[in-house]
Amino acid sequence: MTITVFGLGFVGLTTSLGFAEYGHTVYGVEINPERLNTIRNGQLPFLEPGLDDALIRHLDNRFFPIGIDRLAEAVAASDCIYYCVGTPYGKDGQADLTYLFSAIDQTLENGKWKTEEGKREMDFKVLVVKSTIPPSTTSQKIIPYLEGKGMKVGQDLGVANNPEFLREGHCWDDFIHADRIVLGVSDERSANVLRQIYASVSEPVYCVSLNTGEFIKYLSNTLLATLISYSNEMSIVADTIGGIDVAEAFRILHMDKRWGGATMSSYVYPGCGYGGYCLPKDTNALYAVSRTAGFDPKILKNVIQTNDNMPQAMANKIIRAIGPDKQQVIGILGLSFKPGSDDVRDTPSAKIIRELMAQGYTNICGYDPVANAEFRRYYPDLTITYADTSRQLIDRADALVIATAWPEFKDVREQTSKTIIDCRYML
């Protein structure tokens with residue numbers, strides 16, 4: 001099959017190369033010229049193990065990165081058009097669908113579904129949203145929008161969603177060895193087209209309603225967000241009571257056999273709060289869409305509030321440990337939102353640094369194994385210094401804060417007798 005994929009970020013590039021790995025021909029559309037040129041040169045614009053080899057393997061073979069200037073050619077040749085564009089959340093928590101509808105408009109403008117006489121000119125194609133969108137978005141917003149443009153959904157084109165369950169730092173492995181594939185569809189014709197895309201995979205494929213497909217993604221991410229925030233709240237309770245070994249308490253909790261062998265430790269464990277791209281925006285978006293529908297989910301509300309409060313709680317923890325001397329150098333070990341990734345979007349490290357600076361602790365030095373440059377670029381307003389190695393940071397700092405659980409930080413206590421505040425409870 002031939003597929004066009006809008007957006008070549010983490011999800012879009014992984015999806016494009018994954019489909020190429022299946023044997024399909026894929027056009028990857030990217031509007032950012034710098035990112036497009038990087039990919040065309042066989043390089044990744046971000047850190048993602050395994051994806052680099054896949055790019056070299058499929059570039060200009062089955063995978064063709066293109067700009068908008070070749071979109072008409074791609075749409076005409078494709079059986080499906082996938083949308084992997086950003087859906088960030090605004091101040092009210094609602095998902096911002098601007099990029100998605102812009103990509104849909106570009107598809108319609110470059111596709112000749114009908115002649116001026118109203119006769120069908122283009123074959124049936126399925127528009128598939130892989131971007132994370134709140135439940136009911138496809139049925140209540142996308143389909144009416146398409147029909148308002150004169151398209152007959154189910155006849156001229158199909159509409160579906162195919163949510164992603166990718167972890168940054170493991171995107172390629174999660175795509176190629178998926179534990180489940182979810183297809184939200186509105187008609188059997190579209191379902192059959194999407195089944196053909198995944199015909200070669202052994203993983204279970206579930207065809208569900210449009211709303212169910214969207215909801216499953218949020219069900220997954222909001223559960224993860226809830227587990228993280230519950231653990232963080234319990235760590236604050238433990239710190240408040242005192243005399244509790246938080247790390248040991250949670251390690252013993254993980255032995256509970258009622259979880260049936262599940263890896264609880266990935267999420268049921270305290271830290272600095274969840275960050276990155278997916279959990280913050282999806283938790284806020286589901287809360288917002290539920291309130292709009294008439295129900296105020298208190299757990300989600302408090303999950304969001306707990307996460308928003310974590311930077312202040314961590315800053316207070318640090319200040320209690322280091323004392324009132326605001327001239328001392330505070331070393332931040334870890335700047336990415338999690339180990340194995342250089343993504344610094346919504347990273348707890350930046351929020352903690354802001355809280356410390358707001359309280360007058362401005363002599364801050366940071367180090368991350370892969371994200372120094374990305375952090376400096378993304379947060380130009382944070383006037384901190386940077387160390388090139390963890391050893392250099394340890395030597396410079398008067399006190400150390402573990403903000404990202406990179407494996408190389410596990411032996412930091414063996415390297416120094418300085419005060420260490422372990423915000424990830426990894427030591």
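Q: What makes a run of residues a helix or a strand in this predicted model, and where does that place Ser 136?

A: Helices are DSSP runs of H or I with at least four residues, and strands are DSSP runs of E with at least two, both numbered from the N terminus. On that basis, Ser 136 falls in the loop between β5 (125–129) and α6 (137–148), and the chain as a whole comes to 16 helices and 13 strands.

Q: Why is Ser 136 called buried?

A: The cut-off for buried is under 20% relative accessible area, and Ser 136, at 16%, falls under it and therefore counts as buried. Its backbone is also worth noting, since Ser 136 has a positive phi of about 90 degrees although it is not a glycine.

Q: Where does Tyr 425 lie, and what makes this residue buried?

A: Tyr 425 lies in the segment after β13 (419–422), and its relative accessible area of 7% is under the 20% limit, so Tyr 425 counts as buried. Tyr 425 has a positive phi of about 50 degrees, and it too is not a glycine.

Q: How do you know that Thr 107 is buried, and what does this residue touch?

A: Thr 107, found in helix α5 (residues 98–110), has a relative accessibility of 0%, which is under 20%, so the residue counts as buried. Leaving aside residues up to four places away in sequence, Thr 107 touches Phe 6, Leu 71, Val 75, Ile 81, Tyr 83, Trp 113 and Leu 127.

Q: What makes a set of residues a nonpolar core, and which residues have the most contacts inside the largest one?

A: A nonpolar core is a set of buried nonpolar-type residues, Tyr and Cys included, joined through side-chain atoms within 4.5 Å. The largest such core has 41 residues, and those with the most contacts inside it are Phe 6, Tyr 83, Leu 100, Ile 104, Ile 142, Leu 146 and Leu 157. Apart from this core lies another, of 39 residues, with Leu 17, Leu 51, Val 193 and Leu 194 among them. Tyr 83, from the largest core, has contacts that include Phe 6, Leu 100, Ile 104 and Thr 107.

Q: How do you know whether the radius of gyration of the chain agrees or disagrees with that of a compact globule?

A: For 427 residues, a compact globule would have a radius of gyration near 22 Å, and the chain has 23 Å, so the two agree. Along its principal axes, the C-alpha trace spans about 80 × 50 × 40 Å, and 54% of the 427 residues count as buried.

Technical notes. Residues are numbered from 1 along each chain as its sequence is written. This is a predicted model: local features need pLDDT of at least 70, side-chain atom pairs count only at pLDDT 80 or more; totals for chains, interfaces and linings use all residues. Side-chain values use heavy atoms; hydrogens and water are left out. The radius of gyration is taken over C-alpha atoms; the globule rule is 2.2 Å times the number of residues to the power 0.38. Buried means under 20% relative accessible area, exposed over 50%, partly exposed in between (1.4 Å probe, protein chains only). Contact means heavy atoms within 4.5 Å.
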